[in-house]
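Here is a short tour of a structure for you to follow on screen. Keep the viewer open and turn the model as you read.

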Amino acid sequence: MSPNVLALLPEIILTITGVLIMLAEPLLPAGSSRKPLGWLAILGTLAGGLASWYQLSFGTMHGFFGTIQVDTFSVFFHLLISAIVLVTLLSSVDYFEGHASHAGEYFALVLFGATGMMLMTCSVELLMVFVGLEISSISTYIMAGFRKGQASATESSIKYFLLGSFATAFFLYGIALAFGSTGSTRIDAISLGLAHTATPTLAILALALIIIGIGFKVSAAPFHVWTPDVYQGAPAPVVGLMSTAPKAAAFAVLLRILFSGFPSYEPRWAGLIWIIAALSMFIGNLGALMQRDVKRMLAYSSIAHAGYLLVAFTAFPADGIASACFYTAAYAAMNVGAFTVITQIGGYNENARTIDDYAGLALKRPVLAAALGLFLLSLIGIPFTGGFFGKFYVFSAALHAGNVWLGVIGLLNSGIACFYYLRLLAAIYTRPTTENDRISAAARVSIPAAAAIAITAAATLWLGIAPNSALGLAQRSADAVHAEPGSVQHATR
Amino acid sequence: MNIDHNILTIMTFVPLAGAIVLALLPDRDRIQQWGALAVTLLTFLLTLHLPFHFDYSVPAGTFQFQQNSSWITSPAIRYHVGVDGLSMWLVVLTGLLAPLGVLISWRAIDNRRRLFYVLFLLQQVAMLGIFVSLDLFLYYAYWELSLVPMALLIATFGRTENRRRAAIKFFLYTFIPSALLLVAMLWLYARTGTFDYPQLARMAAAHSISSNNAALWLASLAFLAAFAVKVPVFPLHGWLSDAVSEAPTAAVMVIAGKLGLYSILRFSLGIFPSQSHRIAPLMLALGAIGIVYGALLALIQKDLKRLAAFGTLGHVSVAILGIFAFTVSGIDGGIYQTLNEGIGGSALFMLLGLLYERYRTYDMREYGGLAARLPWIVTMFVLTALSVVGLPMFNGFVGEFLVFSGAMHSAVAQHLGWTVLATSSVILTASYMLWMIQRVFYGELGRRPETIVPVDLTAREHLALWPLVALFLMMGIASPLWLRAIDIAGANIAATVNRSQAVTMNFEASSQKQNAASPASETALNMTTPASATKGTR
C-alpha cells in the first residue's frame, strides 16, 4: 500500500462508504426503509475505526508532501470520532423511519462530516486543516436542519451556517496572517519561522484570529451565542454528534496549533485562553441555570464543558495535552450517551422538551432513566464516572502548572453546574408520572439504540473506573504533539 | 485462608454487589427487603472480623488489614485501604446500623422499594469506603459518591412536598465545599506527587509538604470547611434540619456526624497538624457555641424530628469540642462521642419513625399520654434519652466526661471559658429530652392517640432496637473494650498535633507534651484502662 493511501486510509474508507450510500439511495424504491443504508454506514465507520487502529502500529508517518501526519495523537482522535459516529449512527438508524424520505442522505452526510473531522486531526498544514473544517462544517450545517418543515430546524440550520461561515472566515484570515508573518502554513515551519519573524505583532494577530475561529467551533464563550438555538432546533442524535465530534476535532487542531505551532508564544496566548475558559465556564453554567428546555440546557452545559477543557490548555506543557485528550473522550461518552437517551425518549417529534416533560421518567422507563441518570451524574462529575476523572485530570494538570485560581473557578463552577443537572435528575426520579402523559411507558427501545446506550454507559464507567489504557493512549498522543521534530525546544517551568 | 489482606475490599464490595443484584431483581413480594437484609447482615458479619483480629500491639500510626495495589499509574493513584483504632469501630458501627436501617424501613417504605434499597446499599458502600480509604483520591471518590444516594433518598422518599428542595440544599451545601477540597487535594498532589495518606502524614510531620505557609493554611481551611459542613459544625448546619426532617429514618440514621468527624480527625489533623492548631481556638468556640445553640433550639421545637436534628447538632459539637482540645482524653472522647452519636441518634430517630408510622405526625402538640398505651416504646425512649443526656452507666457519660475533662485541660487559648459554657449544656440537653418525653408520653391523652388504636413494638421493631439499647449499657460499663483501640489512635493524633505545634511555634516542646499527656493519664486511671494510662504518658 502506498504510504499516502495508508496515511489517509480511514478517511478514504469513510468517503467511499459515503459515496456508495449516495449512489444506492436513489436505487432503493421510494418509501422503502432506509435502514440498510444505515447499516452500511455503520459497517463503514467500523472499518474506518479499525483502519485507524491499524495505523497505530506504523508509528509516526507522513503523507501527501508532509501535509498529513499520522501519529498517536491523530489516531486517538480518529478512534474517538469513529466511536462517536458509530454510536450516533446506531442511535439514529431508525430515527427517520416513517418520518422523512431523505434519510439516506443523512447517513452519507454523517460519514462525510466524519471524514472532514478526521482530516482536521491529522493535518499539520493549516490549509489542509481548513479543508477538513469546511467538509465537516458543511455536513453539520445540513444535518442541523434535517427535520424539514419545522421552523426551529430551519432556524437552527441557517443560524449555524451564517455564523459558522463567519467564524471560518476568521480562521482563514488567521492562516493568511500566519503565512505573512512566518512564511509558511505548515505548523512545524510556523514554529521555526516564529523564532526569527520580523513581524511578531502579525503573528499574534494571526493566532488570535485562529483562536476565535476555533472558539466558535467549540462553542467557547464569547463565541457561543449560536449554540442554544442550534442545539434546540437540530434533531437530538445530530446534536449528540455535533456537540462532541466536531468539537473534538477542533480541540485537536487547537492543541496542535498552540502546542506545536506556537509554543514559544505561550506567555501571550495563555492569558487569552485563561479568560476564554473562565468566561465559558461561567456563561455556560449560569446560562444553563435559566433553562427549562433540556436541549438548551445541555447546550449551555456544553459551553461550560468547553470551558473546563480549555483549562487543560493553560497547563502548558505538563499534562495539558493528555488531560485535554482524555477530557474530550470522557465528555464525548457522556454527552453522546445523554443525547442518545433523549432521542429515545422524545422520538422524532421531540415529545419531551422541557424538564417537566421528564417528570416521573423513572417509573415509566426505569432503564432509560437509570442510563440518563448515569450520564447526568458523569456530567456533574461524580466519582467512578468518566466525567469525574476527566475533570480531576484537567484540574490536576492546571494546578500542577500553577493555575490555582482557574482550578478554584472551575471547581466552583462544577458546584453551580450540579444544580441544573440535579433539577433534571430530581424530575426524573422524584416526581409522579401523572404530571406528564407525553412519554409513553409502552414504547420500546430498538436493539441498535439499546446498544448505543450500552456502549456509552460502559464507556462512561470504564473511563471512570479503569482509565489506565485510555490515559496511556492520551499520554502517548501528548508526546506525539509536544515532542514533534522541528518544534522549538521549550523550557519547562 | 487468610482474608486479612482483602477483608476491607470484600466488605466494601459486598453491598455494591448486593445493590447490583437487587437492581436486577423484580420489585415485588418483599424480595428487595429480604435481599437488602441479607446483604447488610453479611456486611455486618464481615465488619466484625476487624475487632476480633485487630492487633493492639502494633505501633500507633500504622494501619492494619491493608491492601495497597496500583490503580491508575499516572497520575499516581493507588487502591490503598486500611484501618486503625480510629476507623475500626466506625466501620463496625456502619455495619451494624445498616441491617437495623433495613428492619426499621420494613413497613415505612411501601413503594419503590427497589430504588430505596439499591440507594441504601450504595450509601453503605460509600460510607465504608470513606472509612477505609487511605488514598486521598479514593477517599474523595467515595466522599462524593456518598452524596448522590443520600440526596436521592431524601428527594424521592422525603415526607413532604419540600423534599426536593431539602435534597438539593443538602447536595449543594456539601458539594461546593467538596469542590474546594478537591482543589486543595490537587494542590497537595502537585506539591508532593502522592495521594497516599500515610506518606502525606509523614511529610506533614516533617514539615516537608510545602514552605508556602499561606497556601498550606488555605488548603487546610478547604479541607476543614468541607468536613465541617458534613458534620455539621455551627454555623454551617443550614442543611441539617431540612434534610433530617424530610429524610426517611434509615437515611437520617447516617446523615450527620461520623463521616465528617472521622475526616477531620484523619485528614485535617493528620495532614495539617500545625494549621489545625492555629484554628483550634475558633473550632473550640464553634464547638461550644454549637452545643448550646443546638440544645437551645431543640428546646423550642414543636416538631419532633427538628428537635432531634438540633439535638444532633449539639452532640456532634461535643465531639468537635473534644477533638480540638488536642488532649488525648479530648480526642478519645471525641471519637467515643462520634460512636455514641451514631448509636444514640439512630435509636432516637428510629423511635420517632415508629411514632410517625403509627400516628402520621411529628408534631409534638398532637401527642400526649402515650406511656400507658405503649409501654415498650416509652421504655426504649427513656433509655435512649438517658444515654443521650449522659447519665452515668450509659455510653453518653463516658464520651461527655472524656470530652469535657479533656477540654478543661486543653492548652488551646480560652479553652476554660468555652468548656464551662459547653458543660452547661448537660442541663439543657436533659431539659429538652425529658420535656419531650413528658409532652409525648405523659399528661393528658393527645388528639392523635385518642383516635388511633395503640400498637406497641412488634417483634421486628424489638429486633431493630435491642442491639442499640444493649450497646448503650455495654459501652457505658465496659468502655475499655472500645477505648483500647480508640486510645491508640487518639494518643497518636494528639501527639502529632502537639509535636507539630511545638516545632512551628517554638514553644518548649516538653511542657507542651506534658500538658497534653497529663490529663489523659489521670482520666485513663479513673475511666479507661491501664493500657491507655501507659499510652497517655508517651
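Leaving aside its neighbours within four places in sequence, which residues is S152(A) in contact with? They are Q232(A) and G233(A), where a contact means that the C-beta atoms of two residues, placed from the backbone, lie within 7 Å.

Before going further, a word on what you are looking at. This is a predicted model, in which local features need pLDDT of at least 70, side-chain atom pairs count only at pLDDT 80 or more, and totals for chains, interfaces and linings use all residues. Residues are numbered from 1 along each chain as its sequence is written, while chains are lettered from A and ligands numbered from 1 in the order in which they are written.

**Around S152(A)**

You will find S152(A) in helix α7 (residues 151-182) of chain A. Helices (H or I, at least four residues) and strands (E, at least two) are DSSP runs, numbered from the N terminus. S152(A) counts as partly exposed because it has 15 C-beta neighbours inside 10 Å; 20 or more such neighbours would make a residue buried, 12 or fewer exposed, and anything in between partly exposed, again with C-beta atoms placed from the backbone. In sequence, S152(A) and A234(A) are 82 residues apart, yet their C-alpha atoms are 7.7 Å apart in space.

**The two chains side by side**

The table puts the overall figures for each chain next to each other.

| Chain | Helices and strands | C-alpha span along principal axes | Buried residues |
|---|---|---|---|
| Chain A | 21 helices, 2 strands | about 70 × 55 × 40 Å | 64% of 493 residues |
| Chain B | 23 helices, 2 strands | about 70 × 50 × 45 Å | 61% of 538 residues |

How does the radius of gyration of chain A agree with that of a compact globule? Chain A has 21 Å, in agreement with the value near 23 Å for a compact globule of 493 residues. The radius is taken over C-alpha atoms, and the globule rule is 2.2 Å times the number of residues to the power 0.38. For chain B the radius is 22 Å, close to the 24 Å that the rule gives for 538 residues, so chain B is as compact as a globular protein of that length.

Contacts with a separation of 6 or more tell you about the fold too. In chain A, residues 24 or more positions apart account for 81% of them; in chain B, the figure is 80%.

**A covered helix in chain A**

Next, pick out helix α15 (residues 320-346) of chain A. Its 27 residues reach 38 Å from the first C-alpha to the last, close to the expected 39 Å, which is 1.5 Å times one less than the number of residues. This helix, α15(A), is mostly covered, with 27 of its 27 residues buried. After α15(A) comes G347(A), which has a positive phi, near 70 degrees.

**Inside chain B**

Is M283(B) buried or exposed? M283(B) is buried, with 22 other C-beta atoms within 10 Å. This residue sits in helix α13 (residues 273-300) of chain B. Apart from neighbours within four places in sequence, M283(B) is in contact with I320(B) and F324(B). The C-alpha atoms of M283(B) and L321(B) are separated by 7.3 Å, with their positions 38 residues apart along the chain.

The strands of chain B are β1 (residues 64-72) and β2 (residues 77-83), which pair in the antiparallel sense over 6 bridges; pairing takes at least two DSSP bridges. A hairpin of 4 residues joins β1(B) to β2(B), and N68(B) has H80(B) of β2(B) as its bridge partner.

**Where the chains meet**

The contact between the chains takes 25 residues from chain A and 26 residues from chain B. On the chain A side, α18 (386-400), α19 (404-430) and α21 (468-482) each supply at least two residues. The most come from α19(A), with 13 residues. By class, this side of chain A has 17 nonpolar, 8 polar and no charged residues. Here Ala, Val, Leu, Ile, Met, Phe, Trp, Tyr, Cys and Pro count as nonpolar, Asp, Glu, Lys and Arg as charged, and the others, Gly among them, as polar.

**Confidence**

The model scores ipTM 0.87 and pTM 0.89. Chain B averages a pLDDT (the predictor's confidence in each residue, from 0 to 100) of 85, and 93% of its residues score at least 70. Over residues 505-538 of chain B, pLDDT stays under 50.
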